[in-house]
Every structure is written in C-alpha cells, then in structure tokens.
Amino acid sequence: MFKRFAMMALLLAFLTASTAAFADNVYVTAKGNKYHKADCRLIKNKQTVEMDKQKAIQQGYKPCKKCSKDEVQPENK
Ligand SMILES: [Zn+2]
C-alpha cells in the first residue's frame, strides 16, 4: 500500500517537473503568425524574435505545425 503511494508521489513530482520545463521561450518571425521552437527548421534562416510562450499565445500566435505539432488545436471553421 505504501509502495503505491510512493510511486504516485514520484509520478506527481515528475509531472510537475515536466510542466515547469514547458515554460520555455518560443520564436516568432516578423510576418508569421506562428510560434516556433528554437530548433525548428522553418525559422533556421529567418530573423526571429524570442518571447515567452504564454505571451506569444496571448498575442494571437498559433503553434507551428512542424515543431509544435503536439500543441496544435484542431481548427473548427
Ligand atoms: Zn516551427
């Protein structure tokens, strides 16, 4: 019984840590409306502006389909 609790605590700690790792910066281009991760090949040769991810979302930027595929919300149009 205790062992299961310890496992849960460990899992919770892991989840918290990975959530904190998500609070990273993203990169946007001057004309684009998508935000990219640092290693995205679409922004490799472009001039980018680094900003906080939450800020980018607040400003209306959407996740890039190439590098942030897991964050793209299905569009309902
Ligand atoms: Zn990208």
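Colour the predicted model by pLDDT to begin: confidence is lowest in helix α1 (residues 2-21), at a mean of 75, and highest in β2, at 96. Across the protein the average pLDDT is 85, and 84% of the residues score at least 70.

**Overall layout**

Switch next to a cartoon view of the whole chain. The protein contains 2 helices and 4 strands, and these elements follow the pattern α-β-β-β-α-β along the sequence. Of its 77 residues, 14% count as buried. Among contacts between residues at least 6 apart in sequence, 52% join residues at least 24 apart.

**The sheet**

Now select the strands. They form an open sheet of 4 strands in the order β3-β1-β2-β4, and the pairing is mixed. The edge strands are β3 (48-52) and β4 (62-63), each of which pairs on one side only. As a general point, strands of a sheet pair through backbone hydrogen bonds, in either a parallel or an antiparallel manner.

Begin at the β3 edge. Strands β1 and β3 run antiparallel and are joined by 5 bridges. Within this pair, select Asn 25, which stands opposite Asp 52 in β3. Is β3 itself buried or in the open? Of its 5 residues, the number buried is 0, so β3 lies largely in the open. The cut-off behind this statement is that a buried residue has 20 or more other C-beta atoms within 10 Å of its own.

Move then to the opposite edge. Strand β2 (residues 34-36) and β4 run parallel, with 2 bridges between them. Here, select Tyr 35, which stands opposite Pro 63 in β4.

**The nonpolar core**

Keep Tyr 35 selected and add Val 26, Tyr 27, Val 28, Ile 43, Ala 56, Cys 64 and Cys 67; together these 8 residues make up the largest nonpolar core. Which strand gives the most to this core? Strand β1 (residues 25-29) does, with 3 residues.

**Val 28 and its contacts**

Finally, centre the view on Val 28, one of the core residues. Which residues does Val 28 contact, leaving aside its neighbours within four places in sequence? Its partners are Tyr 35, Thr 48, Val 49, Met 51, Ala 56 and Tyr 61. Two of these names, Tyr 35 and Ala 56, also appear in the core. Displaying the side chains of this group brings the tour to its end.

How values were computed:
Residues are numbered from 1 along each chain as its sequence is written. This is a predicted model: local features need pLDDT of at least 70, side-chain atom pairs count only at pLDDT 80 or more; totals for chains, interfaces and linings use all residues. A nonpolar core is a set of buried Ala, Val, Leu, Ile, Met, Phe, Trp, Tyr and Cys residues joined through C-beta atoms within 7 Å. A residue is buried if 20 or more other C-beta atoms lie within 10 Å of its own, exposed if 12 or fewer, and partly exposed in between; C-beta atoms are placed from the backbone. Two residues are in contact if their C-beta atoms, placed from the backbone, lie within 7 Å. Two strands pair if DSSP finds at least two bridges between them. pLDDT is the predictor's confidence in each residue, from 0 to 100.
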